[in-house]
Amino acid sequence: RARAYMATLRSDVLVSFQAANPTSAEARRLALETRLRRQVDELPERERLSLRARWAEAESDQALPALAEGLVARYPKDPEGRFLLGRARMVQGDLESALAPLRRAVELDTAGLRGAAPRCVGCDAYAALVATHLLSDSLATAERVAREWIGRRPAGSLRAWFTLAGTLEFQGRSEEALAAMR
């Protein structure tokens with residue numbers, strides 16, 4: 001226990017030193033990530049599973065599908081697991097089977113889409129849905145999903161509008177893409 005406390009204390013001192021003496025943003029990020037990875041086991045189960053799956057996604061780790069499936073099995077009404085499962089399938093090139101979990105993540109994240117949550121998992125899922133349709137050469141469907149996303153965000157979303165603009169530009173509709181960005 002004393003060893004763990006000293007390790008945490010050393011880490012805290014290192015992070016504090018790096019924050020006070022910024023040599024690079026990357027060094028600060030790595031120090032914080034190292035500290036978080038050491039403390040992940042102390043988190044509640046849902047957060048621990050979600051964080052491990054997010055790390056797997058960020059690192060293109062082959063464990064992502066299993067982690068995401070475990071998150072969905074344990075927390076079926078949580079949009080995060082559905083989003084990560086869709087992303088895992090998308091990255092593996094299984095575009096058709098990525099659609100259902102991504103769509104379900106959108107359906108489950110009512111708070112995020114209303115702007116009532118700090119993070120909008122539904123927005124992440126919408127962006128992944130649009131990308132999946134673009135990768136599948138379903139340009140009209142990608143545009144329809146981007147417009148649906150805009151309609152679901154009453155306060156508006158720059159990300160949704162930029163996604164629509166990118167979709168229009170991808171179709172060669174540059175004038176409409178510029179108009180969407182205004």
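**Talking through a helical model**

Colleague: Let's start with the sulfur atoms: how many disulfides does the count come to?
Modeller: Keep in mind that this is a predicted model. The rule asks for a pair of cysteine sulfur atoms within 2.5 Å. By this rule the count comes to 1 disulfide.

Colleague: Which cysteine does the disulfide join to cysteine 120?
Modeller: The S to S distance of the pair is 2.2 Å, and the cut-off is 2.5 Å. The partner joined to cysteine 120 is cysteine 123.

Colleague: Is that disulfide right-handed or left-handed?
Modeller: The handedness follows from the torsion about the S-S bond of cysteine 120 and cysteine 123, which is about 75°. With that torsion, the disulfide is right-handed.

Colleague: And is cysteine 123 buried or exposed?
Modeller: Buried means under 20% relative accessible area. Its partner cysteine 120 has 13% relative accessibility and counts as buried. Cysteine 123 has 5% relative accessibility, so cysteine 123 counts as buried.

Colleague: Good, now the overall fold. How many helices does the protein have?
Modeller: From the N terminus on, the elements run α-α-α-α-α-α-α-α-α-α-α. There are 0 strands. The number of helices is 11.

Colleague: What percentage of the residues is buried?
Modeller: The protein has 182 residues, with an accessible surface of about 10,500 Å². Carbon and sulfur atoms hold 56% of that surface. Buried residues make up 37%.

Colleague: Which helix gives the most to the largest nonpolar core?
Modeller: This core has 39 residues, and Phe83, Leu84, Leu102, Tyr126 and Leu129 touch the most other members. Elements giving two or more residues to the core include helix H3 (45-58), helix H5 (79-91), helix H8 (121-135) and helix H10 (158-170). With 9 residues, the helix that gives the most is H8.

Colleague: Leucine 84 is in that list. Leaving aside neighbours within four places in sequence, which leucines is leucine 84 in contact with?
Modeller: Contact here means heavy atoms within 4.5 Å. The residues in contact with leucine 84 include Ser50, Ala53, Arg54, Glu57 and Ala68. The leucines in contact with leucine 84 are Leu64 and Leu71.

Colleague: What about glutamate 80: is it buried or exposed?
Modeller: Glutamate 80 lies in helix H5. Not counting residues up to four places away in sequence, glutamate 80 touches Arg46, Ser50, Arg54, Leu71, Arg119 and Val121. Its relative accessible area is 5%, and the cut-off is 20%, so glutamate 80 is buried.

Colleague: How far apart in space are glutamate 80 and proline 101?
Modeller: In sequence, glutamate 80 and proline 101 are 21 residues apart. C-alpha to C-alpha, their distance in space is 10.0 Å.

Colleague: Glutamate 143 caught my eye too. Which arginine is in contact with it, leaving aside neighbours within four places in sequence?
Modeller: Glutamate 143 lies in helix H9. At 12% relative accessibility, glutamate 143 counts as buried. Its contacts include Leu164, Thr167, Leu168 and Gln171. The arginine in contact with glutamate 143 is Arg173.

Colleague: Let's finish outside. Is leucine 158 buried or exposed?
Modeller: Leucine 158 lies in helix H10. Together with Phe162 and Met181, Leu158 makes a nonpolar surface patch of about 340 Å². The cut-off for exposed is over 50%. Leucine 158 has a relative accessible area of 65%, so leucine 158 is exposed.

Notes: Residues are numbered from 1 along each chain as its sequence is written. This is a predicted model: local features need pLDDT of at least 70, side-chain atom pairs count only at pLDDT 80 or more; totals for chains, interfaces and linings use all residues. Side-chain values use heavy atoms; hydrogens and water are left out. Buried means under 20% relative accessible area, exposed over 50%, partly exposed in between (1.4 Å probe, protein chains only). A nonpolar core is a set of buried Ala, Val, Leu, Ile, Met, Phe, Trp, Tyr and Cys residues joined through side-chain atoms within 4.5 Å. Helices (H or I, at least four residues) and strands (E, at least two) are DSSP runs, numbered from the N terminus. Patches are made of residues with over 30% relative accessible area and no salt bridge: like charges are joined within 9 Å, nonpolar side chains (Val, Leu, Ile, Met, Phe, Trp, Tyr) within 5 Å. Accessible areas come from the Shrake-Rupley method with a 1.4 Å probe; for residues, only the protein chains shown count as cover. A salt bridge is a side-chain nitrogen of Lys or Arg within 4 Å of a carboxyl oxygen of Asp or Glu.
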